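Grab a coffee and work through these exercises with the model open beside you. Try each task before you read its solution.

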Amino acid sequence: QVQLVESGGGLVQAGGSLRLSCAASGRTFTIYKMNWFRQPTGKEREFVASITWSGGTTIYADSVQGRFTISRDTAKNTMYLQIYSLKPEDTAIYYCAAHTRAAPTAPNWGQGTQVTVSS
């Protein structure tokens, strides 16, 4: 089992930047991929970006390509999401998820961190 804790959310003005963090603990050696998702109020959770734990290969949703950068520090067991040029439509709860070799179809989830962008 892997435990995840997100941090770094907050209230920012449109055009600003934020860096979200997701700290993993527990059986982190079983992680092979981590994701960021987000869920705006009243809407479904949507994929934002993913990164493979060992190779660092990244994938982004079309809606965030070019403004979001996902990265990880395997020594710190932490994943990051750098967000530039924030827009009001980026307002959401941001969640991280870890896929492990022990349970590849049942990712572990964090509790989420709120990002609010004012116009």
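**Exercise 1. Work out the order of the elements and the overall build of the chain.**

Solution. Start at the N terminus and read along: the protein chain goes β-β-β-β-β-β-β-β-β-β-β. Counting up, that is 11 strands and 0 helices. Keep in mind that this is a predicted model.

Next, the dimensions. The C-alpha trace spans about 45 × 25 × 25 Å along its principal axes. A compact globule of 119 residues would have a radius of gyration near 14 Å, and the protein chain has 14 Å, so the two agree.

Now look at how the chain packs. Of the 119 residues, 43% are buried. Take the contacts with a separation of 6 or more: 53% of them link residues 24 or more positions apart.

Finish with the surface and the charges. About 6,100 Å² is exposed, with carbon and sulfur atoms supplying 49% of it. There are 11 positive and 7 negative side chains, and the centres of the two sets lie 8 Å apart.

**Exercise 2. Sort the side chains of strand β11 by face, then find the strands it pairs with.**

Solution. Step one is to walk along residues 113-118 and watch the side chains alternate. T113, V115 and V117 point to one face and are buried. Q114, T116 and S118 point to the other face and are not buried.

Step two is the pairing. Strand β2, residues 10-13, runs parallel to β11, with 4 bridges between them. To find the register, look at V12: its bridge partner in β11 is V117.

Strand β9, residues 92-100, pairs with β11 too, but in the antiparallel sense and over 3 bridges. Here I93 has Q114 as its bridge partner in β11.

**Exercise 3. Place Q111, and decide whether it is buried, partly exposed or exposed.**

Solution. Find the loop between β10 (108-109) and β11; Q111 sits there. Its relative accessibility is 47%, so Q111 counts as partly exposed. The cut-offs behind that call are under 20% for buried and over 50% for exposed.

Then check the company it keeps. Setting aside neighbours within four places in sequence, Q111 is in contact with L4, V5, E6 and Y95. Y84 is another matter: Q111 and Y84 are 27 residues apart in sequence, and their C-alpha atoms are 23 Å apart in space.

**Exercise 4. Trace the partners of strand β4, then describe the surroundings of N35.**

Solution. Take one partner at a time. Strand β4, residues 31-39, pairs with β9 in the antiparallel sense over 8 bridges. Within that pairing, K33 stands opposite H99 in β9.

The other pairing to trace is with strand β5, residues 46-52, which runs antiparallel to β4 and is joined to it by 6 bridges. W36 stands opposite A49 in β5. β4 and β5 form a hairpin with 6 residues between them, and G42 in the turn has a positive phi of about 80°.

Now zoom in on N35, which is found in strand β4. Its relative accessibility is 4%, so N35 counts as buried. Leaving out neighbours within four places in sequence, N35 is in contact with F47, A49, S50, M79, Y95, C96, A97 and H99.

Last step: compare sequence with space. N35 and A98 are 63 residues apart along the chain, yet their C-alpha atoms are separated by 6.5 Å.

**Exercise 5. Which backbone angle is worth checking at N77 and S85, and how accessible are these residues?**

Solution. The angle to check is phi. At N77, phi is near 55°, a positive value in a residue other than glycine. At S85, phi is positive as well, at about 45°, and S85 is not a glycine either. Most residues other than glycine have a negative phi.

Now locate them. N77 is found in the loop between β7 (68-73) and β8 (78-83), while S85 is in the loop between β8 and β9.

Finally, read off the accessibility. At 21% relative accessibility, N77 counts as partly exposed. The cut-off for buried is under 20%, so a value of 21% falls outside that class. S85 has 41% relative accessibility and therefore also counts as partly exposed.

Conventions
Residues numbered from 1 in each chain as written. Predicted model: local features only at pLDDT ≥ 70, side-chain atom pairs only at ≥ 80, totals over all residues. Heavy atoms only, no water. Helix = DSSP H or I, 4+ residues; strand = E, 2+ residues; numbered from the N terminus. Rg over C-alpha atoms; globule rule 2.2 N^0.38 Å. Buried < 20%, exposed > 50% of the residue type's maximum accessible area, 1.4 Å probe, protein only. Contact = heavy atoms within 4.5 Å. Areas by Shrake-Rupley, 256 points an atom, 1.4 Å probe, with all protein chains shown as cover. Lys, Arg positive; Asp, Glu negative; His and termini not counted. Charge placed at Lys NZ, Arg CZ, Asp CG, Glu CD. Pairing = 2+ DSSP bridges.
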